[in-house]
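Colleague: I should like to take a close look at the surface of this protein, and in particular at its patches. Would you please describe what is found there, step by step, for a first-year student?

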Amino acid sequence: MLEFAVLQPYTHAMSDEPENLVLRYLRRIDEKLDRLIEEVGDLKRRVGVLEERMANVERRLDRVDARLDRIERRFDLIDHVPA
C-alpha cells in the first residue's frame with residue numbers, strides 16, 4: 001500500500017505533452033514532412049504549368065517556321081525541296 005501512495009502524486013502531475021524526447025522529435029519530423037509534401041505538390045503543379053507553356057511556345061515556333069518556309073519558297077530564296 002505504501003508504494004501506491006508514493007506513485008500516485010506522479011500520475012496526477014503528468015501533462016498532455018509527451019515526456020519522451022523521441023516522440024517530440026518524431027512529431028517535429030512529421031510536421032516538417034507534411035510541409036515538404038505540400039511544397040513538392042506545389043512545385044509539381046508549377047512545373048506542369050511551365051510544361052504547358054513550353055509546349056505552346058514550341059507549337060507557335062513550328063507555325064512560324066512553316067510560314068517562313070512558304071515565304072522563302074515563294075520568293076525563291078531557297079531551293080524547292082520535295083516534301
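Modeller: The accessible surface of the protein comes to about 8,600 Å², and carbon and sulfur atoms account for 58% of that area. These values are computed from a predicted model. Of the 83 residues in the protein, buried residues make up 1%. The protein has 2 helices and 0 strands. One of the helices is α2, which covers residues 21-74, and several residues of the patches described below are placed there.

Let us begin with the nonpolar patch. Leu 21, Val 22, Leu 23, Tyr 25, Leu 26 and Ile 29 make a nonpolar surface patch of about 590 Å². Ile 29 may serve as an example from this group. This residue is found in helix α2, and Ile 29 counts as exposed because its relative accessibility is 52%, where the cut-off for exposed is over 50%.

We turn next to the charged patches. A positive patch on the surface is formed by Arg 24, Arg 28, Lys 32 and Arg 35. Among them, Arg 24 has its place in helix α2. The relative accessibility of Arg 24 is 31%, and therefore Arg 24 counts as partly exposed.

A patch of negative charge is also present on the surface, where Asp 30, Glu 31, Asp 34, Glu 38, Glu 39 and Asp 42 gather. One of these residues, Asp 30, is likewise placed in helix α2. With a relative accessible area of 42%, Asp 30 is partly exposed, since partly exposed residues lie between the limits of 20% and 50%.

Finally, a residue of the segment after α2 deserves attention, namely Asp 76. Its relative accessible area is 55%, so Asp 76 is exposed. The backbone of Asp 76 has a phi near 55 degrees, a positive value in a residue other than glycine. Most residues other than glycine have a negative phi.

Notes. Residues are numbered from 1 along each chain as its sequence is written. This is a predicted model: local features need pLDDT of at least 70, side-chain atom pairs count only at pLDDT 80 or more; totals for chains, interfaces and linings use all residues. Side-chain values use heavy atoms; hydrogens and water are left out. Patches are made of residues with over 30% relative accessible area and no salt bridge: like charges are joined within 9 Å, nonpolar side chains (Val, Leu, Ile, Met, Phe, Trp, Tyr) within 5 Å. Accessible areas come from the Shrake-Rupley method with a 1.4 Å probe; for residues, only the protein chains shown count as cover. A salt bridge is a side-chain nitrogen of Lys or Arg within 4 Å of a carboxyl oxygen of Asp or Glu. Helices (H or I, at least four residues) and strands (E, at least two) are DSSP runs, numbered from the N terminus. Buried means under 20% relative accessible area, exposed over 50%, partly exposed in between (1.4 Å probe, protein chains only). Lys and Arg count as positive and Asp and Glu as negative; His and the chain ends are not counted. The place of a charge is taken as NZ of Lys, CZ of Arg, CG of Asp or CD of Glu.
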